[in-house]
Every structure is written in structure tokens, then in C-alpha cells.
Amino acid sequence: MIVTGAPLSSILCYLARVVELQSDSRAIASILLLDAEGSLRNGASPSLPDDYIQAINGLRPCANLGTCCSAAATGQVVITTDIETDPNWAALKHLPLELGFRAAWSQPLIASNGQVLGTFGTYFRDRRGPTPFEKQAVEMLARTASLAIERSRSTEALRNTQLRLEKLSGELEQLVERRTDELVRSQARLRELASELNLAEQRERKRLAIELHDHLQQLLVLGKLKLGQGKRLARPLPPLLALMQQTDEVLSDALNYTRSLVAELSPPVLREHGLLAGVKWLAEWMQRHDLQVTVESQRDAIALPEEQALLLFQSVRELLINSAKHAKCHQASVEIIQDEDALCLSVRDSGVGFEKDNIVATATAGSSKFGLFSIRERMKALGGSLQIVTALGQGTMCTLRLPRTDRDSSQADKAHFGSESSKLPEAVPRKTGTIGVVLVDDHGMIREGLRAVLANYADISLLGEAADGQEAISLVRKVQPSVVIMDINMPKMNGIEATAHIKAQFPHIHVIGLSVNTEADNQEAMHNSGAARLLTKEAAVDELYQAIQSVLRETDYKVAFS
């Protein structure tokens, strides 16, 4: 459970249950954790009543109080063979005695650095101490609990660090040094997360640009038209006419500003005509940074899925801004080459260059090297690469290389910047003794990330992938998986409709929903359509495999939809 990333509460509850089952329910286990303020808080007490848990929740470690408080304070095993007569229990003995507990003992939970993390307490209904077997078993379980607590806290700390990354960018070097080991183990997961965050920013830029274009600009144009009508009526009143003319000029300035803002947020030319047209627009836009950019391409159009085009455009823009800020030159070029194997975009300048060795080690927030590191990770998430050729005084050439996928180029040329091709890997046979899984998501990068997560488990067979609800139904009918991982928002047919169709035809197939939005409406809709549960896409990395195992055990998921 620790290796698969199960929630800490589930792990601790399981360990407590192990102790209780070994004693034929004659013992009751309770795990308390020390919080940041130094108080003991309930970690897992599956068999204790709520009133008891509330009564002991928040106690402070004390060498002369009970067993758990004493163990937390001393870091030593504390055994009480008779609660009623032990002076350390004088203030608390009414609590366990009312439940029929006559003895107790507590094993401290010790971290790898010697710090006390909490306690592993056991209550007996008889006046006795633990047997040698019980002591040995609890010592082993306590070590396991300590490992789980340390891992959970490290994972939570890493997640919080990512959320504070922008604010703490000035401290990035020290942060990297402290988190190197964790980053190495989490590199693939963090890369996918960074790419998804990057795409989320671009989607929001696009949404805002469309809102500005479809609403604000239209209102401004309408206002100018109304003023034009008013100016004709106001000719006999020169002061009023002058005021309306000034207002008209203000609206003109506002309209020009919104046009510029829309272009900077998400250039319409990129959305409507594709990557090549977007790069050519970018070359003109860079003139405001005093950089003259030439664009050379072998083709008149570059056909790419929307997400790939967005990320490549953003990368080219960052490279050109780096040239304008750091290269100390006023000219750059972009060369686009597309062949049977890959699409390459090379950004070249004749500026001062730099020493490219140890780019990651010397990168700091706001520097060109930090930007290059981000671009390189972004390209790796796409399955591509960033190659840098530079030297001091000899300029810089950065080449973005994206391998071509097997897609119908004629269809992509027609769509330019539309949804990605639905041509997906053929269904594969299920390995004997494994769980057959089908992935359904209209974003290829998400499928790629989920595929990488599931590839870590030998008992999972990925039988196929689909990019929309209609493809999902056809694929499920063909391969008969045990589990379908279903995105909600997709073209042609969304995941809610597709889930209802699948469950109607194949009630035995489990569906696990995925969505960026898991609020109550989506939870209820997926539940009503027959899905076992709904996960957020960020949580999927940590929880997807456990969810698959749980639904196959027919776990009660009413909590997930409550």
C-alpha cells in the first residue's frame, strides 16, 4: 500500500486492523500522530467510539499521563497492566474503564532521524501486558507506520512546494538541493504535471481571448455605431458633438487595446490558421522588443494537434524573448523543417551566447537558463527534445524536435489547429491473469501520462485507447475490459453519456471517471450513469491503481459520491 501511494489514513487503519485481528478482537488498536503544534491527534482508531476519540484528541505528550502520552514524551515503550490502579491513569482512567479496557501499552513511532512521530497504542480487556509475540508484531507494524507517515509528509510537502513555486522562485537553488532525491523519483510525474499546468494556462488565455473578442469588442463596436448615430443628431449642438467625438476616440482606443490584448493572450491567427501562421505573426510581434525575426519554412502549413501547437508556439516565443533580453543582438531567425520523422523548429541568434554546461544546476528564476530548462522538460513531456548549440561570443541555436506520429496528414491539414486525430493504437490482447483496462481521453498527453502510470503495474494490461465516447463504446464492445478509465469532457460524445451506454450493455464492466472538475454536479452525473467513482486528473497518478483494485473488490464507493 505504501509503494502504490495509498492514502495514509488507509494504511494506518489497515495496520491497526492487523493488530486487532491477530488478537481475535480481544485487543483494540489506536494510532495517534503528533501534529505541528505538538499535540496528539487521531491517526487511525477503527474500533474506538467517536466519543472516546474526541476525548483523547489533542492531548499533549506527558511522561506521567497514560501510556500514549507518556510514550510520545519519552520515546520509550510504556506498559500499563492495570489501568484502574496505575497513578499515571488517574486523570483519564474513566475513559477506558467505561469501555471495558483494563490494560494498555504504547509503542512510540520513531522517524528515521529519531524524531517521535506518534504512538501505536493497544488496549486489552484483561489486566495483562503484551506477549513477546504481540510486542514483536507491533514493533514491526510501528516501523511500517513510521515509514508511511514519513512518506506521506514528504509527498505533501512536495505538493505544497509546487504550489508555492512562483512565489519562492528566488529560493529555487536551495529548494532544488533539498528536494533532489524526491525530484529524481518523481521526475516523470512532475513533468506531466508541469505540462498540464502549462496547458491549463494556455486554455485560460484562449478562453479569455474568446470572451474579449466575442463580447467586449462587440460591445465597443456597437458603442461606436451608436455614437455615430448620435453625432449626426448632435450637429446643431457643437459642445455636445465635441463631447461625443471625444467619447468615440476613447472607444477607439479601448477597441485597439482589446485587439492587442487578445493577440497577446492567444493570437487568433494561431487558433485559426495553425502553427506556421502563428510563428509568422510572432516574428512581427517581436519588433516591439527591438528584435527583427525572419521565418523560413519548407511548407505552407504545419498540421498539429492543438495542444502540441500551443506548447511549441509558447516555446518559440520564450526562446525569442530570451534572444531579445539576453543575446544583446537585434536579429534572430526561425527555421521550420518537417520531414517523415519529425518536426523541427530552430531559433537562432548571433548574440553573446553562453556556457551551456550545467544549465539545470545554474538555472535561477527569471534567467534564460531557467526558461531553457522549462522548455526542455515541456518537450520531453511531448515525447520530443530541446537541443542547444552555443558558446560564448558565438550566438545560440535552440532546436525543438517533435517526432511525427502516425496520423492522416491530409485530415490534419484540413483541420490545421483542430482536435487531434482519432487514430489510436490498435487494441492488444490481454495478458493471462491481468486486469484489462481501456483508457478514454481526448488529450493524447493525458493518455500518455496515464499509460505511463499503469505501465508500472505488472497485473495491468492496457487493451486500447479511445479519444471520444463513441470510440470508447466500440472499443469496449471489441475488447471487453474489466475497467474503463473515462474522461468526462470529450468531443462527439462525452464521458457521462458513454458511461451510461457501456453500463447498459455491459453491467459487469467497471468505469472510473476522470475530470479536471470533480464538483458535485459531475460527481452526481457520473454516479447516475453507473461509474464506480470520479477522480481528478491530478489525483489519478497517486490514486488510479488503488481505485482499480478497489472497484474490482466491489468496494463501497458511497463516500466518493457523497
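# Loops, strands and helix pairs

Reader: What is the relative accessible area of Asp290?
Author: This is a predicted model. Asp290 counts as partly exposed in it. Buried means under 20% and exposed means over 50%, so a partly exposed residue falls in between. For Asp290 the value is 47%.

Reader: Where in the chain is Asp290?
Author: Helix H10 covers 275–285, and strand S6 covers 292–297. Asp290 belongs to neither of these elements. Its place is the loop between H10 and S6.

Reader: What is the phi of Asp290?
Author: Asp290 is not a glycine. Even so, its phi is positive. The value is about 60°.

Reader: Which side chain makes a polar contact with the side chain of His330?
Author: His330 sits in the loop between helix H11 (306–326) and strand S7 (331–338). Setting aside residues up to four places away in sequence, His330 touches Asp290, Leu291 and Gln292. A polar contact needs a pair of N or O atoms within 3.5 Å. At 3.1 Å, the side chain that makes one with His330 is that of Asp290.

Reader: How far is the C-alpha atom of His330 from that of Asp349?
Author: Along the chain, His330 and Asp349 are 19 residues apart. In space, their C-alpha atoms are separated by 8.5 Å.

Reader: What share of the contacts with a separation of 6 or more joins residues 24 or more positions apart?
Author: The protein has 562 residues. Its elements are 19 helices and 15 strands. Among contacts with a separation of 6 or more, the share from residues 24 or more positions apart is 65%.

Reader: Is Gln107 buried or exposed?
Author: Gln107 is found in strand S4, residues 103–110. Beyond its neighbours within four places in sequence, Gln107 has contacts that include Val77, Phe120 and Val138. Its relative accessible area is 12%. That is under the 20% cut-off, so Gln107 is buried.

Reader: What is the relative accessibility of Arg41?
Author: Arg41 lies in strand S2, residues 40–44. Leaving aside residues within four places in sequence, its contacts include Ile31, Leu33 and Asn57. Arg41 counts as partly exposed, at a relative accessibility of 37%.

Reader: How far apart in space are Arg41 and Gln54?
Author: In sequence, Arg41 and Gln54 are 13 residues apart. From C-alpha to C-alpha, the distance is 9.3 Å.

Reader: Is helix H1 roughly parallel or antiparallel to helix H5?
Author: H1 covers residues 8–22, and H5 covers residues 132–163. Their axes come within 10 Å and cross at roughly 175°. Angles over 145 degrees count as roughly antiparallel. So H1 is, relative to H5, roughly antiparallel.

Reader: How many charged residues does the contact of H1 with H5 have?
Author: H1 brings residues including Leu8, Leu12 and Val19 to the contact. H5 brings residues including Phe133, Leu141 and Ile149. By class, 13 are nonpolar and three are polar, while the charged count is none.

Reader: Is H16 roughly parallel or antiparallel to H17?
Author: H16 runs over residues 469–479, and H17 over residues 495–505. The axes come within 9 Å and cross at roughly 20°. Angles under 35 degrees count as roughly parallel. So H16 is, relative to H17, roughly parallel.

Reader: How many nonpolar residues are in the contact of H16 with H17?
Author: The H16 side consists of Gly469, Ile473, Val476 and Arg477. The H17 side consists of Ala498, His501, Ile502 and Gln505. By class, three are polar and one is charged, and the nonpolar count is four.

Reader: Which residue caps the N-terminal end of H16?
Author: The backbone nitrogen of Gln470 has a side-chain oxygen 3.0 Å away. The residue that supplies this oxygen is Asp468.

Reader: What covers the buried residues of H16?
Author: Among the buried residues of H16 are Ala472, Leu475 and Val479. The cover includes strand S11 (435–440), strand S12 (460–466), S13 and H17.

Reader: Which residue with a positive phi follows H16?
Author: This residue is found in the loop between H16 and strand S13 (483–487). It is partly exposed, with a relative accessible area of 32%. Its phi is near 50°, though it is a residue other than glycine. The residue is Gln480.

Conventions. Residues numbered from 1 in each chain as written. Predicted model: local features only at pLDDT ≥ 70, side-chain atom pairs only at ≥ 80, totals over all residues. Heavy atoms only, no water. Axes fitted to C-alpha atoms, helices over the stretch in contact; angles between N-to-C directions. Helix = DSSP H or I, 4+ residues; strand = E, 2+ residues; numbered from the N terminus. Parallel < 35°, antiparallel > 145°, perpendicular 65-115°, else oblique. Contact = heavy atoms within 4.5 Å. Nonpolar A, V, L, I, M, F, W, Y, C, P; charged D, E, K, R; others polar. Buried < 20%, exposed > 50% of the residue type's maximum accessible area, 1.4 Å probe, protein only. Polar contact = N/O pair within 3.5 Å; in protein donor to acceptor, adjacent residues only side chain to side chain.
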